[in-house]
Each structure stands twice: as structure tokens, then as C-alpha cells.
Amino acid sequence: MFNIVRASKVGAALIAGAVLLGSAPTPSYADTGTVRFSVGSAGFIVGVGGGSGVLNFKGRSYRLSTGGVRLGTIGASVTEVRGVARNMRRASDIVGTYTGVGAGVAVIGGVGTARLQNEKGVILEVRAVKAGLEANLNLGGMTISMR
């Protein structure tokens with residue numbers, strides 16, 4: 001009799017363990033891609049910028065367009081941007097409006113870094129090299145669309 005009770009307890013524990021393991025959330029398999037943009041901007045008080053770029057993701061290249069509005073812009077510049085796009089499940093996740101997160105933007109001698117995130121959770125970690133003369137407050141966002 002003792003063995004039947006013991007076997008029942010062990011069996012119930014195994015079933016409970018299987019149910020718990022089966023219902024555990026599966027890890028999200030987000031991937032990382034690389035991005036490259038060339039962005040031009042100009043303005044006086046309100047600046048407008050736009051450009052084009054490429055996303056390399058899962059062995060394919062996707063053409064991109066960028067745009068954005070910034071307040072407090074005076075001057076004109078061309079910026080070359082390179083970096084990574086994290087937390088992507090498909091290429092279309094890159095599309096959206098990006099705002100600064102985390103450390104923000106730091107510009108030293110025409111070179112800057114930024115960490116931006118869109119509404120889908122894609123994070124861009126980029127390094128930019130700026131040529132030209134421009135000052136701005138960076139109070140705006142950047143939009144990316146696929147061509």
C-alpha cells in the first residue's frame with residue numbers, strides 16, 4: 001500500500017512539473033541587423049532633415065528612408081550614421097518613429113552616438129559623423145520607412 005501512495009505522489013509531482021515547464025514563457029528570438037544612413041538637414045529655428053539608408057537583416061538588404069523635425073536648428077549639415085538595430089523579429093520592425101532612450105546623444109568634434117527606440121521596441125545604437133555647421137536642441141524624433 002505504501003508503494004502505491006508513494007508512486008502516486010511521484011506521478012503527481014512529475015505531471016505538475018511537466019505542466020509548469022510546458023507553460024513557461026518561451027524566450028523571444030529577436031535578431032540584430034546593421035543600419036547605414038546618410039542624412040542631410042537644414043533649418044533656421046525649425047530644422048527639417050531626411051535621407052536614405054540600408055538595413056542589412058538576415059542576409060538581405062532593405063532600402064530605407066529617414067526623416068525628422070528638430071527645434072532650435074540653425075545651419076546645415078550632412079551626417080553619416082552607422083550602427084545596429086536590436087530586438088527585431090522581421091525587417092519591417094525597423095519602420096517607425098524613434099526617440100532617444102538611455103544615454104541620449106553626445107556630440108564631440110562632429111562625432112556622436114545615440115540610442116533610439118521605436119514603438120515596436122527596436123533599439124538603434126548608432127554612431128554618427130557630421131560634416132557642416134549646425135547647432136540644434138535635438139527636440140524631435142526620427143522616422144524610418146521602407147522604400
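**Exercise 1. Place L64 in the predicted model and state whether L64 is buried or exposed.**

Solution.
Step 1. L64 is a residue of strand β2, and the model in which it is located is a predicted one.
Step 2. The relative accessibility of L64 is 0%. The cut-off for buried is under 20%, so L64 counts as buried.
Step 3. Leaving out residues up to four places away in sequence, L64 touches F37, G51, S52, G53, V54, L55, I94, I144, S145, M146 and R147.
Step 4. One of these, F37, is 27 residues from L64 along the chain, and the C-alpha atoms of the two are separated by 8.3 Å. A contact is judged on heavy atoms within 4.5 Å, so the C-alpha separation of 8.3 Å does not conflict with the listing of F37 among the residues that L64 touches.

**Exercise 2. Give the order of the secondary structure elements and the share of buried residues.**

Solution.
Step 1. The protein contains 1 helix and 7 strands.
Step 2. Read from the N terminus, the order is α-β-β-β-β-β-β-β.
Step 3. Of the 147 residues, 28% are buried.
Step 4. The accessible surface comes to about 9100 Å², and carbon and sulfur atoms hold 63% of it.
Step 5. Among contacts with a separation of 6 or more, 65% are between residues 24 or more positions apart.

**Exercise 3. Describe the largest nonpolar core and find which residues have the most contacts inside it.**

Solution.
Step 1. The largest nonpolar core has 20 residues.
Step 2. V35, L55, I94 and L124 are the residues with the most contacts inside this core.
Step 3. At least two core residues come from each of β1 (31-57), β2 (60-88), β5 (111-117) and β6 (123-135).
Step 4. Take L124 as a case. With residues up to four places away in sequence not counted, L124 touches V35, V84, A85, I94, Y98, A114, R115, L116, M142 and I144. This list includes V35 and I94, which are also named among the residues with the most contacts inside the core.

**Exercise 4. Work out which strands pair with β3 and in what sense.**

Solution.
Step 1. β3 (residues 96-100) and β7 (residues 142-146) run antiparallel and are joined by 3 bridges.
Step 2. Within this pairing, Y98 stands opposite M142 of β7.
Step 3. β3 also pairs with β5, in the antiparallel sense, over 2 bridges.
Step 4. Here G100 has L116 of β5 as its bridge partner.
Step 5. L124 touches Y98 and M142, and also L116. Residues of both pairings are therefore among the contacts of L124 under the heavy-atom limit of 4.5 Å.

**Exercise 5. Examine the salt bridges: how many are there, and which parts of the chain does the pair of K58 and D31 tie together?**

Solution.
Step 1. The count is 4 salt bridges.
Step 2. The side chains of K58 and D31 meet at 3.3 Å, N to O. K58 is in the loop between β1 and β2 and D31 is in strand β1, so this pair ties together parts 27 residues apart in sequence.
Step 3. K58 is exposed at 55% relative accessibility, while D31 is partly exposed at 28%.
Step 4. E125 and R86 form another salt bridge, with the closest N and O atoms 2.9 Å apart. E125 belongs to strand β6 and R86 to strand β2, and the two are 39 residues apart.
Step 5. Both count as partly exposed: E125 at 25% relative accessibility and R86 at 34%. R86, R115 and E125 are joined into one network by salt bridges that share partners.

**Exercise 6. Decide whether D93 is buried or exposed, and list what D93 is in contact with.**

Solution.
Step 1. D93 lies in the loop between β2 and β3.
Step 2. Its relative accessibility is 8%, so D93 counts as buried.
Step 3. The side chain of D93 meets that of R90 in a salt bridge of 3.8 Å, N to O.
Step 4. Apart from neighbours within four places in sequence, D93 is in contact with M88, Y98, N118, K120 and V122.

**Exercise 7. Where do K58 and N87, two residues other than glycine with positive phi, lie?**

Solution.
Step 1. Phi of K58 is near 55 degrees, and K58 is placed in the loop between β1 and β2.
Step 2. Phi of N87 is near 70 degrees, and N87 is placed in strand β2.
Step 3. K58 counts as exposed at 55% relative accessibility, whereas N87 is partly exposed with a relative accessible area of 35%.

Technical notes:
Residues numbered from 1 in each chain as written. Predicted model: local features only at pLDDT ≥ 70, side-chain atom pairs only at ≥ 80, totals over all residues. Heavy atoms only, no water. Helix = DSSP H or I, 4+ residues; strand = E, 2+ residues; numbered from the N terminus. Buried < 20%, exposed > 50% of the residue type's maximum accessible area, 1.4 Å probe, protein only. Areas by Shrake-Rupley, 256 points an atom, 1.4 Å probe, with all protein chains shown as cover. Core = buried A, V, L, I, M, F, W, Y, C linked by side-chain atoms within 4.5 Å. Pairing = 2+ DSSP bridges.
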